[in-house]
Structure formats: C-alpha cells, structure tokens
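This briefing concerns the protein shown below. The points are grouped by topic for ease of reference.

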Amino acid sequence: MMQIPGLYISTTEKKGRAVFTSVDINASDTIEICPVIMIPKAELPIIHRTILHDYYFLWGEEMDDCAIALGFGSIYNHAVYPNANFILDIEALTIDIEAIMDIPAGTEITINYHGEPGDKGVLWFSVDEDSMKI
C-alpha cells in the first residue's frame with residue numbers, strides 16, 4: 001500500500017467517517033494505492049446481507065466480481081463532483097485514488113461511486129445536496 005503522508009480519518013456530521021488530508025494535494029497526484037481483497041461473483045449475494053455492502057467496489061473485466069479496498073480505499077465518501085477519482089488496476093489488484101483537482105489541507109477527499117465525476121446515477125442511499133455541488 002502506498003499513500004501520501006497526511007491522510008487521516010475523521011467524522012463528518014452528515015456522512016460519518018471520511019478521509020481527509022492534512023497536506024495540500026496537487027491535481028493528478030496519486031493519493032493512495034489500495035490493495036484489494038477480491039470477492040468472487042458467487043459470494044456477492046452474501047456481501048449484500050452484511051455491512052460490507054456499503055464498502056465494496058465492483059471488480060473484474062466484466063464488473064461482475066467485487067473487491068474490498070484496503071487502506072482508506074473503502075472509506076472515501078461519494079460526491080457527484082468529487083475532488084478525486086478511483087482507477088481499478090485489475091492486473092495489479094489495486095484501486096488507485098488520484099486527485100482530479102487541487103485539494104487543500106483540511107479538506108475531505110471524495111470520489112464518485114459511479115466512477116465518472118458528474119454521474120448522478122442512482123445509489124443505494126440518499127445523496128446529500130452538498131455532494132451535488134461542483
């Protein structure tokens with residue numbers, strides 16, 4: 001696992017735990033490379049009956065497997081217009097978190113759970129109005 005110095009977990013009033021940075025991050029910087037634990041497609045129905053349902057990523061060439069990101073990877077909160085993006089590296093078995101804009105120290109780091117900034121697709125929870133802002 002690789003991560004920039006200064007990442008930390010704190011809580012927010014609306015979203016619970018969240019990942020923040022105590023240092024400035026530049027656009028295009030790699031924030032974290034998270035190894036994953038792969039979960040086979042056959043076990044995905046089991047995940048839906050556990051707390052892990054809220055923390056997994058779809059995975060694989062056909063996106064029909066799933067994976068849990070280690071490090072802080074499964075704790076980044078959703079935003080429609082996030083300040084970071086995630087990249088699935090199927091071959092390396094990692095999820096790479098990269099800044100898509102400058103992120104000042106003290107800021108929460110967010111990703112769009114659909115993978116594309118601006119994607120307003122339906123999620124399994126209600127999206128906070130603040131996450132809809134650019």
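In the hairpin that strand 8 and strand 9 form, four residues lie between the strands, and Leu93 adopts a positive phi near 60°. The model is a predicted one. Its secondary structure consists of one helix and ten strands, arranged along the sequence as β-β-β-β-α-β-β-β-β-β-β.

**Overall fold and surface**

- The protein has 134 residues, of which 39% count as buried.
- About 7,500 Å² of the protein is exposed, and 55% of this area is supplied by carbon and sulfur atoms.
- When contacts between residues at least 6 apart in sequence are considered, 68% of them join residues at least 24 apart.

**Strand 9 and its partners**

- Strand 9 spans residues 94–99 and is mostly covered, with five of its six residues buried.
- Strand 8 (residues 84–89) runs antiparallel to strand 9 and is joined to it by six bridges.
- Within this pairing, Ile87 has Asp96 as its bridge partner, while Phe86 is partnered with Ile97.
- Strand 4 (residues 30–39) is also antiparallel to strand 9, and five bridges connect the two.
- Pro35 is the residue that stands opposite Thr94 of strand 9.

**Nonpolar cores**

- In soluble globular proteins, nonpolar side chains tend to be buried together.
- The largest nonpolar core here contains 22 residues, and those touching the most other members are Leu7, Ile31, Tyr76, Ile95, Ile97 and Ile109.
- Two or more residues of this core come from each of strand 4, strand 5 (56–59), strand 6 (65–69), strand 8 and strand 9.
- Beyond its neighbours within four places in sequence, Ile97 contacts Asp29, Thr30, Ile31, Glu32, Cys34, Tyr76, Ala84, Asn85 and Phe86.
- A second core, separate from the largest one, has six residues, among them Ile39, Leu44, Tyr56 and Cys66.

**Aromatic pairs**

- Two aromatic pairs are found in a search of the whole structure.
- Tyr8 and Phe20 make a stacked pair, with 5.7 Å from centre to centre and 20° between the planes.
- This pair links distant parts of the chain, since Tyr8 belongs to strand 2 (residues 7–12) and Phe20 to strand 3 (residues 16–21), twelve residues apart.
- Tyr8 has a relative accessible area of 33% and is therefore partly exposed, a class that lies between the limits of 20% and 50%.
- Phe20 counts as buried because its relative accessibility is 11%, and the buried class takes values under 20%.
- Phe57 and Phe86 make an edge-to-face pair, with 5.2 Å from centre to centre and 70° between the planes.
- Phe57 lies in strand 5 and Phe86 in strand 8, 29 residues apart, and this pair likewise links distant parts of the chain.
- Both Phe57 and Phe86 are buried.

**Model confidence**

- The mean pLDDT of the protein is 86, and 85% of its residues reach 70 or more.
- Confidence is highest in strand 9, with a mean of 97, and lowest in strand 1 (residues 2–3), with a mean of 85.
- Over residues 121–125 the pLDDT stays under 50, and the model has ten contacts beyond four places in sequence for this segment.

Conventions: Residues are numbered from 1 along each chain as its sequence is written. This is a predicted model: local features need pLDDT of at least 70, side-chain atom pairs count only at pLDDT 80 or more; totals for chains, interfaces and linings use all residues. Side-chain values use heavy atoms; hydrogens and water are left out. Buried means under 20% relative accessible area, exposed over 50%, partly exposed in between (1.4 Å probe, protein chains only). Contact means heavy atoms within 4.5 Å. Accessible areas come from the Shrake-Rupley method with a 1.4 Å probe; for residues, only the protein chains shown count as cover. Two strands pair if DSSP finds at least two bridges between them. A nonpolar core is a set of buried Ala, Val, Leu, Ile, Met, Phe, Trp, Tyr and Cys residues joined through side-chain atoms within 4.5 Å. pLDDT is the predictor's confidence in each residue, from 0 to 100. Rings of Phe, Tyr and Trp (its six-membered ring) pair if their centres lie within 6.5 Å; planes under 30 degrees apart count as stacked, over 60 as edge-to-face and the rest as tilted.
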